Amino acid sequence: QVQLVESGGGLVQAGGSLRLSCSASERTFTGAWFRQAPGREREFVAAITRAATNTNYADSVKGRFTISRNNAKNTVSLQMDNLKPEDTAVYYCAASATYSTANSYSGTYKYWGQGTQVTVST
């Protein structure tokens with residue numbers, strides 16, 4: 001079973017930046033980030049294929065967030081720039097067990113981290 005651990009969350013002011021990291025215990029395929037705010041459903045943020053040949057972003061973060069990975073270190077990162085209060089949520093790392101596209105469907109992802117809190121103040 002693959003274990004995923006997120007790090008890098010915290011409190012920042014609007015317009016600031018954070019970089020989240022997801023460390024996997026072993027090799028994974030497509031990596032993704034989802035987020036969930038209190039009282040709201042989990043939503044897709046970004047995904048990246050194994051070879052980083054394709055990425056996918058939610059419209060709400062496109063142009064502000066960048067997903068990347070380092071397969072030698074089994075990590076997937078999410079660089080978040082120009083953060084907005086509406087970005088406040090618990091961010092979850094996810095990974096697929098097999099090859100897949102960088103899709104937004106949560107069912108694609110077998111492995112999930114415990115989440116890291118991102119709070120953006122006004």
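Begin by selecting strand 9, residues 89-95, which in this predicted model gives the most to the lining of the largest cavity, with 3 residues. While the strand is highlighted, turn on a surface: strand 9 is mostly covered, and 6 of its 7 residues are buried.

Next, show the cavity itself, which has a volume of about 80 Å³ and is the 1 cavity of 30 Å³ or more that a search of the whole structure finds. Of the 15 residues that line this cavity, select Ala24, Thr28, Arg69, Asn74 and Val76, since these are the closest to its centre. Then add strand 3 (18-24), strand 7 (65-70) and strand 8 (75-80) to the selection, each of which, like strand 9, supplies at least two residues of the lining. If you colour the lining by residue class, it divides into 7 nonpolar, 6 polar and 2 charged residues.

Now return to strand 9 and look at the strands that pair with it. Select strand 4, residues 31-36, which pairs with strand 9 in the antiparallel sense over 6 bridges; within this pairing, Ala32 has Ala94 of strand 9 as its bridge partner.

Ala94 is a useful residue to keep selected while you move to strand 10, residues 111-112, which also pairs with strand 9 in the antiparallel sense, here over 2 bridges, and in which Trp112 is the bridge partner of Ala94.

Finish with strand 11, residues 116-121, which runs antiparallel to strand 9 and is joined to it by 3 bridges; select Tyr91 together with Thr116, its bridge partner in strand 11.

Conventions:
Residues are numbered from 1 along each chain as its sequence is written. This is a predicted model: local features need pLDDT of at least 70, side-chain atom pairs count only at pLDDT 80 or more; totals for chains, interfaces and linings use all residues. Side-chain values use heavy atoms; hydrogens and water are left out. On a 1 Å grid over the protein atoms alone, a cavity is a set of points where a 1.4 Å probe fits but cannot get out, and a pocket is an open set with protein on both sides within 12 Å along at least five of seven lines; lining residues have an atom within 4 Å of a point. Grid points are joined across faces, edges and corners, and a volume is the space filled by probe spheres set on the points. Helices (H or I, at least four residues) and strands (E, at least two) are DSSP runs, numbered from the N terminus. Ala, Val, Leu, Ile, Met, Phe, Trp, Tyr, Cys and Pro count as nonpolar, Asp, Glu, Lys and Arg as charged, and the others, Gly among them, as polar. Buried means under 20% relative accessible area, exposed over 50%, partly exposed in between (1.4 Å probe, protein chains only). Two strands pair if DSSP finds at least two bridges between them.
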